Amino acid sequence: MTPLRFVLAAALLCTIGGGSAHAECQIADAKLEEAILQKPDLRGPANRQTVKDLRSLRDAAFTLWSYGRHADCERLMANIRELIAGPAMTGLGDNDEDAAEEQMAARDPKVRRGATEGRRDEKNAKPLVSVEDLPLGLRSDQIVGAEVRSADDKIVGEVRNVIFGTKDRRDYAVVASGGFFTPGKDSIVVPIRSLKVSQERDSFFLPLPVSEVRSIPLMPDQDYKWLSDEAWRDRNDALFARR
């Protein structure tokens, strides 16, 4: 079962319910981390996505709890407990990939490339910082999901993935950039070392104006085979060279 189908199956379970609602949602009671350590079917590379999905559901329960939605939180936690205790989650869900893709499309941001809501022209705007010059570095959660802007402060995309530790020490951000931001075929590959970041660390900036960003070739495949194509990477990286 694909991760996509699992998320939808889990969401359906949450809708149906599974356990009585308590006055106070007890997230720790699910003992998810203990189950990951103790259950062989929740360990190992083959089930990495399953564990990630369970943790995402737990994070959603925490969000509900933080807004005082304790009954909804407990219903979600009841489903998490059922998923942990029940049969292997790879057997859950259905095979309707088209319906799953349609549901997941709701996750895509609805901001068009070229939007002009930047802040670089504000009187007190702080200078951008080169990613290479950041004194404390960046966490992955500060990169993935962050907006990416052109040198002339037009939004051009959103970081959807990061590749670290390539053999030649060239790290990359995969930026969804085509039309409405969607991952995969509409992505460009940006060398992280070419990026600048706002001092608030909420926006990344390319060294190119938006007119040139539109001419950047798209990521050639979604299986990341381009990582082994040094000639393609050389051509791609040269487009982002500092000016």
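Let's start with the disulfide: the torsion about the S-S bond of C25 and C73 is about -60°, so this disulfide is left-handed. Keep in mind that you are looking at a predicted model. Besides that bond, there is an open sheet of seven strands to get to know.

**The disulfide**
- The count here comes to one disulfide, and its partners are C25 and C73.
- The sulfur atoms of C25 and C73 sit 2.0 Å apart, within the 2.5 Å cut-off for calling a disulfide.
- C25 is in the loop between α1 (3–16) and α2 (32–38), while C73 belongs to helix α4 (residues 70–85), so the pair ties together parts that are 48 residues apart in sequence.
- Both cysteines, C25 and C73, are buried.

**The sheet**
- If you walk across the sheet, the strands come in the order β1-β6-β7-β2-β3-β4-β5, and their pairing is mixed.
- The edges belong to β1 (129–130) and β5 (187–191); each has a single partner strand, so one side of each has no neighbour in the sheet.

**A helix on the sheet**
- Helix α8 (residues 230–238) packs on the sheet, where it touches β4 and β5.
- The direction of α8 makes about 80° with that of β5.

**A closer look at β3 and β4**
- Strand β3 (residues 155–163) and strand β4 (residues 172–176) run antiparallel, with five bridges joining them.
- To pick out one spot, find N161: its bridge partner in β4 is V174.

Note on methods
Residues numbered from 1 in each chain as written. Predicted model: local features only at pLDDT ≥ 70, side-chain atom pairs only at ≥ 80, totals over all residues. Heavy atoms only, no water. Pairing = 2+ DSSP bridges. Helix = DSSP H or I, 4+ residues; strand = E, 2+ residues; numbered from the N terminus. Contact = heavy atoms within 4.5 Å. Axes fitted to C-alpha atoms, helices over the stretch in contact; angles between N-to-C directions. Buried < 20%, exposed > 50% of the residue type's maximum accessible area, 1.4 Å probe, protein only.
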